[in-house]
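Here is a friendly walk through the charged, polar and aromatic side chains of one protein chain. Keep the viewer open as you read, and turn to each residue as it comes up.

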Amino acid sequence: MTTYYCYYDSPIGSLLLAGDGKSIQWLGFPDGSMVRRHEDSWKVSREIFTEAIEQLDQYFAGERQGFELALSLRGTEFQKTVWQALIEIPYGETWSYGQLAKYIGRPKAFRAVGAANGVNPLPVIVPCHRVIGSNGRLTGFGGGLETKAFLLELESQRRSDILPLV
């Protein structure tokens with residue numbers, strides 16, 4: 001099966017988008033532990049990622065809170081459970097690894113949840129940046145802590161813009 005890719009210029013750097021033409025499989029950061037570059041056998045195609053780029057533009061402009069894209073999340077069943085739970089963390093909110101472990105019904109598995117979070121193949125789209133340490137501090141992030149802080153700040157600013165006044 002052919003893998004297609006393009007690079008998307010975002011406020012957090014040039015992000016790699018890759019997939020099979022029907023779904024997105026990877027989003028790679030320009031820095032940090034989730035750096036990913038295209039492989040020589042992949043074919044460049046910006047057209048395949050038009051919808052993803054449009055939705056990412058909307059997200060970074062504060063006009064979108066979640067993504068409606070075909071995703072192909074490849075991992076263990078446990079990892080997929082964690083990644084699905086990440087999508088359910090509300091925009092502009094943060095959960096601890098322990099909260100996420102409880103949410104999936106595995107309250108003692110917070111370290112395993114952290115490990116699954118750390119190998120999320122679609123950061124930003126599957127919002128692993130919304131998970132923080134139990135002490136409220138930012139912890140590891142594949143795009144670097146500066147990027148995590150940027151994403152959380154973006155969401156907190158936009159969330160306050162959309163909350164109703166009481």
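The charged end of Arg 36 sits over the ring of Trp 26, at 4.3 Å from the ring centre. This is a predicted model, so please take every distance here as a value computed from its coordinates. Arg 36 also has a partner of opposite charge: a salt bridge joins Arg 36 to Glu 39, with 3.6 Å between the closest N and O atoms. How exposed are these two partners? Arg 36 is partly exposed, with a relative accessible area of 26%, and Glu 39 is likewise partly exposed, at 39%. Glu 39 belongs to the loop between β3 and β4. If you look from Glu 39 towards Tyr 5, you span 34 residues in sequence and 9.2 Å in space, C-alpha to C-alpha.

**The salt bridges**

How many salt bridges does the model hold? The count comes to 3, and the table sets them out.

| Pair | Closest N to O distance |
|---|---|
| Glu 39 and Arg 36 | 3.6 Å |
| Lys 80 and Glu 77 | 3.7 Å |
| Glu 155 and Arg 130 | 2.8 Å |

Let us take the pair in helix α2 next. Lys 80 and Glu 77 are 3 residues apart in this helix, which covers residues 77-87, so about one helical turn separates them. Lys 80 is partly exposed, with a relative accessible area of 30%, whereas Glu 77 is exposed, at 58%.

The salt bridge of Glu 155 and Arg 130, at 2.8 Å from N to O, links distant parts of the chain, with the two positions 25 residues apart in sequence. Glu 155 is in helix α5 (residues 145-162), and Arg 130 is in the loop between α4 (110-118) and β6 (131-132). Are these partners buried or exposed? Glu 155 is buried, with a relative accessible area of 0%, and Arg 130 counts as buried too, at 4% relative accessibility.

**A buried arginine without a salt bridge**

Arg 64 lies in the loop between α1 (50-60) and α2. What is the nearest side chain of opposite charge to this buried residue? That side chain is Glu 68, 4.3 Å away, and Arg 64 has no salt bridge. The reason is a matter of the cut-off: a salt bridge needs the nitrogen within 4 Å of a carboxyl oxygen.

Which polar groups does Arg 64 meet instead? Its side chain makes a polar contact with the side chain of Gln 58, at 2.7 Å. A polar atom of the Arg 64 side chain also lies 2.9 Å from the backbone oxygen of Gly 66. Leaving aside residues up to four places away in sequence, Arg 64 touches Gln 55, Gln 58, Tyr 59 and Tyr 91.

**The aromatic side chains**

Two of those neighbours lead straight on to the rings. Tyr 59 and Tyr 91 belong to one aromatic cluster, together with Tyr 8, Phe 60 and Phe 67. The structure as a whole holds 9 aromatic pairs.

**Two buried serines**

Ser 23 is found in the loop between β2 (13-19) and β3 (24-28). Ser 23 is buried, with a relative accessible area of 13%. Which residues does it touch, beyond those up to four places away in sequence? The contacts of Ser 23 are Ala 70, Leu 71 and Ser 72. Its C-alpha atom is separated by 7.4 Å from that of Leu 69, although the two residues are 46 apart along the chain.

Ser 45 has its place in the loop between β4 (43-44) and α1, and counts as buried at 11% relative accessibility. The side chain of Ser 45 makes a polar contact with that of Glu 47, at 3.5 Å. Apart from residues up to four places away in sequence, Ser 45 touches Tyr 4, Tyr 5 and Cys 6.

**A backbone angle to look at**

Finally, turn to Val 124, in the loop between α4 and β6. Phi of Val 124 is near 80°, a positive value in a residue other than glycine. Most residues other than glycine have a negative phi. Val 124 is also buried, with a relative accessible area of 1%.

Note on methods: Residues are numbered from 1 along each chain as its sequence is written. This is a predicted model: local features need pLDDT of at least 70, side-chain atom pairs count only at pLDDT 80 or more; totals for chains, interfaces and linings use all residues. Side-chain values use heavy atoms; hydrogens and water are left out. Buried means under 20% relative accessible area, exposed over 50%, partly exposed in between (1.4 Å probe, protein chains only). Helices (H or I, at least four residues) and strands (E, at least two) are DSSP runs, numbered from the N terminus. Rings of Phe, Tyr and Trp (its six-membered ring) pair if their centres lie within 6.5 Å; planes under 30 degrees apart count as stacked, over 60 as edge-to-face and the rest as tilted. A charge sits over a ring if NZ of Lys or CZ of Arg is within 6 Å of the ring centre and within 35 degrees of the ring normal. Lys and Arg count as positive and Asp and Glu as negative; His and the chain ends are not counted. A polar contact is a pair of N or O atoms within 3.5 Å; within protein, one must be able to donate a hydrogen and the other to accept it, and residues adjacent in sequence count only if both atoms are side-chain atoms. Contact means heavy atoms within 4.5 Å.
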